[in-house]
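Here is a brisk tour of one model, for a reader who wants contacts, angles and pairings. Keep the structure open while reading.

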Amino acid sequence: MKRSILAALTAILLVEAGPVARAEPVEVVATTTDLGRLFGDIGGERVDCTVLCKGWQDPHYLQPKPSFAARMRKADLLAYIGLQLEVGYLPVLIESARNRELLLGASGNVPMARGITILEVPEGEVSRAQGDVHPEGNPHYWLDPRNLLIMAETAESSLIRVDPAGSAIYHQGKEELRRRLEAAIPLWEERMASHRGATVVCHHKQWEYLCRWLGLEVLDYVENKAGVPPSPRHLQDLVADMRHHEVGVILAADFVDLGAARRVAEETGATLVVLPASVEGEEGVETFEDLFSTLVERIAVALEGRAR
């Protein structure tokens, strides 16, 4: 009887004491800096996050390293973009890590696309002859800040799953991030309001979520096949179309080969806007506010320059 009373009192004291400090932080491996920032914002010091792909690297073509597998071997969570963005290296690392908790369907495996409305899901058969086409749809969904709100829910629930004692901390972190984004999104939209309906050209199929959010139309792409250098004939046709439609802005990520885009810009007189595609994609872009403020301002200034 005394033992049961003591156990009950101990349970009450633990509940009233709030979250229990872990001996070690939750170990998260994130494939991109955006996911690293997301888990860091939500988990704070209760989370230790390792990022595989730097913000200035192309996430399609990351080279797997033994050090990555070593970190994954002891990780509690593996957060990844999915939709086969990391298909060239992540399956190899998961196999090498030999961590059962990170296998597909396990508690530590966290595909971040859950709940996101995915654009450009191909119809019919997909082959490599079409270029770097993603058979599950366009994976660059983090470039719409509204999707970050959905991703934050996924991050919070995954952290609580492996560390329920920290649920209050994770919920507070998620809510603070939500408040920040919900305050900033209307300001970004207001900045671009006068440019809704404007037409641009993109280097690669990675700005679709950003353009849809901002109301921009995409005329065409510098790459006629995703991930494949453009043919001379395609560039000739692109230059003619841009002149005909009076399109004067080209959007490109800072990690791509800009040679073809520069040639098109020179021939058409267009403004080539080089953009960070992720948090930490360039110096000074450390937060989501930094990232989207940079994207919105550079595009707005370019469009305004063309309108003069």
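Glu282 and Arg298 form a salt bridge, with their closest N and O atoms 2.5 Å apart. Glu282 sits in the loop between β8 (271-275) and α10, while Arg298 belongs to helix α10, so the pair ties together parts that are 16 residues apart in sequence. The model is a predicted one. Glu282 is partly exposed, because its relative accessibility is 26%. Arg298 is partly exposed as well, at 32%.

## Salt bridges

The whole structure holds 19 salt bridges. Some of them share partners: Glu153, Glu156, Lys174, Glu175, Arg178 and Glu182 are joined into one network in this way.

Three individual pairs are set out below.

| Pair | N to O distance | Relative accessibility |
|---|---|---|
| Glu282 and Arg298 | 2.5 Å | Glu282 26%, Arg298 32% |
| Glu176 and Arg179 | 3.1 Å | Glu176 36%, Arg179 42% |
| Arg71 and Asp48 | 3.8 Å | Arg71 28%, Asp48 30% |

What does the bridge between Arg71 and Asp48 tie together? Arg71 lies in helix α3 (residues 66-73) and Asp48 in strand β2 (residues 47-53), so the link ties parts that are 23 residues apart in sequence. Arg71 counts as partly exposed. So does Asp48.

The pair Glu176 and Arg179 stays inside one helix, α6 (residues 167-192). These two residues are three apart, so about one helical turn separates them. An α-helix has 3.6 residues a turn, so residues three or four places apart point the same way. Glu176 is partly exposed, and Arg179 is also partly exposed.

## The four-stranded sheet

Four strands make an open sheet, ordered β2-β1-β3-β4, with parallel pairing. Which strands stand at the edges? They are β2 and β4 (109-111). Each has a single partner strand, so one side of each is left without a neighbour in the sheet. From one strand to the next, the twist averages 20°.

Strand β3 (residues 77-80) runs parallel to β4, and three bridges join the two. One pairing is Leu78 with Asn109 of β4.

A helix packs on this sheet: α5 (residues 145-162) touches β1 (26-32), β2, β3 and β4. The direction of α5 makes about 170° with that of β4.

## Strands β5, β6 and β7

Strand β5 (residues 199-202) has parallel partners in β6 and β7. Three bridges join β5 to strand β6 (residues 217-221). Thr199 stands opposite Glu217 in that pairing. Helix α7 (residues 208-214) completes a right-handed β-α-β unit with β5 and β6.

With strand β7 (residues 249-253), β5 pairs over two bridges. Here Cys202 faces Leu251 as its opposite residue in β7.

## Nonpolar cores

Leu251 appears again in the largest nonpolar core, which has 64 residues. Leu251, Met112 and Trp207 are the residues with the most contacts inside that core. Which helix gives the most to it? Helix α10 (residues 288-307) does, with nine residues.

Trp207 brings several of these parts into one picture. Leaving aside residues up to four places away in sequence, Trp207 touches Leu143, Cys202, Leu251, Ala252, Ala253, Leu275, Pro276, Ala277 and Leu295. Two of these contacts, Cys202 and Leu251, are the residues that stand opposite each other in β5 and β7.

Apart from the largest core lies another one, of 16 residues. Among its members are Phe68, Tyr89, Leu90 and Leu93.

## Helix α2

Is helix α2 (residues 33-43) largely enclosed or largely open? Nine of its eleven residues are buried, so α2 is largely enclosed by the rest of the structure. The buried residues are Thr33, Asp34, Leu35, Gly36, Leu38, Phe39, Asp41, Ile42 and Gly43. Asp34 and Asp41 are thus on the buried list along with Leu35, Leu38, Phe39 and Ile42. Gly44 follows α2, and its phi is positive, near 60°.

Methods. Residues are numbered from 1 along each chain as its sequence is written. This is a predicted model: local features need pLDDT of at least 70, side-chain atom pairs count only at pLDDT 80 or more; totals for chains, interfaces and linings use all residues. Side-chain values use heavy atoms; hydrogens and water are left out. A nonpolar core is a set of buried Ala, Val, Leu, Ile, Met, Phe, Trp, Tyr and Cys residues joined through side-chain atoms within 4.5 Å. Buried means under 20% relative accessible area, exposed over 50%, partly exposed in between (1.4 Å probe, protein chains only). Contact means heavy atoms within 4.5 Å. A salt bridge is a side-chain nitrogen of Lys or Arg within 4 Å of a carboxyl oxygen of Asp or Glu. Two strands pair if DSSP finds at least two bridges between them. Axes are lines fitted to C-alpha atoms, for helices over the stretch in contact, and angles run from 0 to 180 degrees between N-to-C directions. A crossover is right-handed if, with the strands pointing away from the viewer, the path from the first strand over the helix to the second runs clockwise.
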